[in-house]
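Subject: Structure for you to look through

Dear colleague,

I am passing on the structure below, together with some notes on what was found in it. Please read the notes with the model open beside you.

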Amino acid sequence: MLTLKSSLVDLKEHLDEIVQTHTQEHLSIVELENHLYNDIEIIISKFKESSEIAIHNINNNENEEDFELSYKTTTSLAEKIKSFCILIRDELLEIQISRIKNIENPFDIEKWKIFLKELKSVIKEVAQNIIDFLNDILNNNSTKNLKQLQKHTQIVQNPIEVYWKQLDILLEQSQSLKEQEKELFNIQKIIAQVKKLLGDNLSKNTETLSLLTNNIQSVEEQLNVEEDLVKAVQDALKKNDDFFRLNQSETIDEPTLEDLFNQLPKSKTYTVGHNGGYLSQKNIDFNNKIDSWLEILVLPLYNEISEQLSHLLSQGKFTLSNIKNKLSLISDSNIEESKSDIKKVLNDLLNNQNNALNNLKDKKEKIEEKMSQFYVSEIFNNKDFLSLNIQSSMNQLLRRNQTIYTASQNRFKKIKEFFSSIWSKLTIRNQITNREKTANFIYERRWTKETEIYDQVFQKHLFLGDVFTISRLEEENRLKEAIALWQEGFHVAILVKGNPLSGKTTFANKISNQFFPKNTVKLEPNTVVRCFGRKFKTENNLKESLEQLSKNVSGAKPLIWIDDLELWHSPETDFLEHIRYLKDFISKKSKEMLFLVTINPVLLRKLDAFLQFSDEFLTRIDVSLCGFDEIKDAINIRHAATQKILVNKEEQELTSNRKDVILSEVFEDSNGNIGEALQNWTHHSRKIIDNKVIFDYKKLSFNFNINDKNGLLLEQFFIYKKLSDQALISSLGQENFEAYRPIIRNLINEKIIIRDYQTNLLSINPIVINEVLFQYHKMMSSHVY
């Protein structure tokens, strides 16, 4: 019968073999890779065998001598084995990355030797560490801690099942890397074919232009010798026609670009790096990415070369035909004059061709520069694979309308047919109206009763507010410094700005609770303010509220928190006059009161244009953005608080890797806005079944167009947040308001603007507010107040 000790000895012997294998200097990178794939399978298999025996011993308490050994096997040894398997998996990824890079840009042999030596050294060292640990627990096992351990195992659940799951995942990830490597090698071959196809055609273009230039030079040379010039021109004309026919009939050799693109995989997730035990992944559509990248950045240069070459061939034919006709009119009396004219025409043509040749060299260098980025190994870099900027895409779309479909030459006929098919697909997709796309976007992100319990945890305004300690650490340190200066007698006021949902209120609330727990006065319109035993009603009058404040808090050194300054706007008051008063009030009182004002960036821009409002604040903080780790932690903490399990549509639990991928997409889609990210997360919770939340994340596109009219209208909502019809009339004027009424109705019908029927106030739908803000900045960035 197999005992725990014999099983552990068997595991140790395999680790000894790993150490011996990694001591061999002749071991190649491929051999090392194969060994590691085999090693991780055997190690996990042998450890599982040992730990199953160990857990049986613990559960049945059959063998007291092996009890401590069993406990250490399922805890300390399990952790070491997991770490070792993570190391092997990471080393396999490093080998994969290096091999792929070496195929595209071969390394120096000495670098390979150093890389290989370091890999073997790390694996050998860790394996030896586990061997030493096994020797220690096998040779020094005792029962002196037996009762304590037995009691501990009765109270605390053994973690071995968690380790088994983790090891299974690591094995699965390693096998996935093996499959990924095969696929990436195949993609490399296809890309090499694409590059060769384009390179061969570029060489043919260069060669044709050189032959064309030589052909004209041969005619020029005949002018200086006593030979049959007419025959020389006829020969040159025939060669030019041959070049022209070759150029017109020539197409890209099989396989065509379209054939090659069709062999490339579509959207798929690839492992591209590791950090701290976690794998980082990218979702890449090689088919679409390479197609788009070539179409936008490379093929236009080829097309320009081809068009220029066709033009030169036509020009050469026309020029030589004219010379031939001119030669038939030459007589003895005008022969020298005619030759001089012919020479001038030929020189002009040669200059054009030489300029074209230089231009071709420039384009060739640009193409070669672009093609230097055209490597599979680029997926392992931090930037996007074959990234494109928006301007280059727009330029190409405009250019395509003007040239691709009207060009007369057929050199890239098959490529153009391929472009046409892509364009047709785009045209079909674009038949969906923008209003339809906007409606679909809002519908997909709507609130649902089915997941209300889960969603509320993420959407409660100050729920688990301490999580922002992580994401606002730098800002909090700046505030501490500002508060310290104020306490030392400096005039200090703090301005906090941020886009909608970015957490301005939560951030300010934390500062209030942390530094002024019993000494904060929060000013809000239409509320009763209680401070130091007195109270007063603010209504919508900021000026009067500040005057009342001055009477009631004298000598108290409080924090005066004015949250969402824009809410003090009302049709009954002159908003700018009240802001001027606030600015003057802060200037006079900021030594005895610490002012904390939160504001949206659009209103701040307006106030700065009119009043230089920001200048009154010593400390200015922007909370619009959070890092990925902060947003990830915020979502994970809230999700953990729900005590729910995330599952996909098939009710299978989401793996940690899949969660990380989704979190990356949420972070990207929310542009680093913490509130937008929390809201975005809840939009994709579909249903709750018992303790499971069915979660289905979809990437959605927002297609709302802002123009001058609706842009000016939406600006009012970005400035003042919530507006009544009366406030809109006051802002726009009665005459303008009537003109804007249909626009407001359309925006309400599209649910871009929503009405709170309890207060009758209008505001931008929070589901799309940041998307609309992005479009607003894009359209109105040049607007001057």
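How many bridges join strand β1 (residues 268-275) to strand β2 (residues 278-284), and do the two run parallel or antiparallel? Seven bridges join them, and the two strands run antiparallel. Before going further, please keep in mind that this is a predicted model, in which local features need pLDDT of at least 70 and side-chain atom pairs count only at pLDDT 80 or more, while totals for chains, interfaces and linings use all residues. Residues are numbered from 1 along each chain as its sequence is written, and side-chain values use heavy atoms, with hydrogens and water left out.

On the terms, helices (H or I, at least four residues) and strands (E, at least two) are DSSP runs numbered from the N terminus, and two strands pair if DSSP finds at least two bridges between them. With these settings the protein chain has 27 helices and 14 strands. Of its 785 residues, 48% are buried, where buried means under 20% relative accessible area, exposed over 50%, and partly exposed in between (1.4 Å probe, protein chains only). Among contacts (heavy atoms within 4.5 Å) between residues at least 6 apart in sequence, 78% join residues at least 24 apart.

To return to the hairpin of β1 and β2, two residues lie between the strands, and G276 in the turn has a positive phi of about 60°. N275 has Y278 of β2 as its bridge partner.

A second hairpin is made by β13 (residues 753-756) and β14 (residues 761-764), which run antiparallel and are joined by four bridges. R755 stands opposite L762 in β14, and four residues lie between the strands of this hairpin. N760, in the loop between β13 and β14, is a residue other than glycine with a positive phi, near 65°. Its relative accessibility of 39% makes N760 partly exposed. Q612, found in the loop between α20 and β9, is likewise not a glycine and has a positive phi of about 50°; with a relative accessible area of 40%, Q612 is partly exposed. As background, most residues other than glycine have a negative phi.

The open sheet of five strands deserves a separate paragraph. Its order is β4-β7-β8-β3-β9, with parallel pairing. β4 (520-523) and β9 (619-622) stand at the edges with a single partner strand each, so one side of each is left without a neighbour in the sheet. From one strand to the next the twist averages 15°; here axes are lines fitted to C-alpha atoms, for helices over the stretch in contact, and angles run from 0 to 180 degrees between N-to-C directions.

Within this sheet, β3 (residues 493-497) and β8 (residues 594-599) run parallel and are joined by five bridges, with V496 opposite T598 in β8. Helix α20 (residues 601-611) packs on the sheet, where it touches β3 and β8, and its direction makes about 115° with that of β8. Helix α17 (residues 504-515) lies across β3, β4, β7 (559-562) and β8, and runs at about 170° to β7.

Turning to the helix pair α2 and α3, helix α2 (residues 29-60) packs with helix α3 (residues 67-104) at an angle of about 160°, their axes being 9 Å apart. The two are therefore roughly antiparallel to each other (angles under 35 degrees count as roughly parallel, over 145 as roughly antiparallel, 65 to 115 as roughly perpendicular and the rest as oblique). The residues of the contact of α2 with α3 divide into 22 nonpolar, seven polar and four charged, where Ala, Val, Leu, Ile, Met, Phe, Trp, Tyr, Cys and Pro count as nonpolar, Asp, Glu, Lys and Arg as charged, and the others, Gly among them, as polar.

E33 lies in helix α2 and counts as buried, because its relative accessibility is 2%. Leaving aside neighbours within four places in sequence, E33 is in contact with L92, I95, R99 and E181.

The last residue to point out is I743, in helix α26 (residues 734-749), which counts as buried at 18% relative accessibility. Not counting residues up to four places away in sequence, I743 touches K709, N710 and L713. The C-alpha atoms of I743 and K709 are separated by 8.1 Å, the two residues being 34 apart along the chain.

With best wishes
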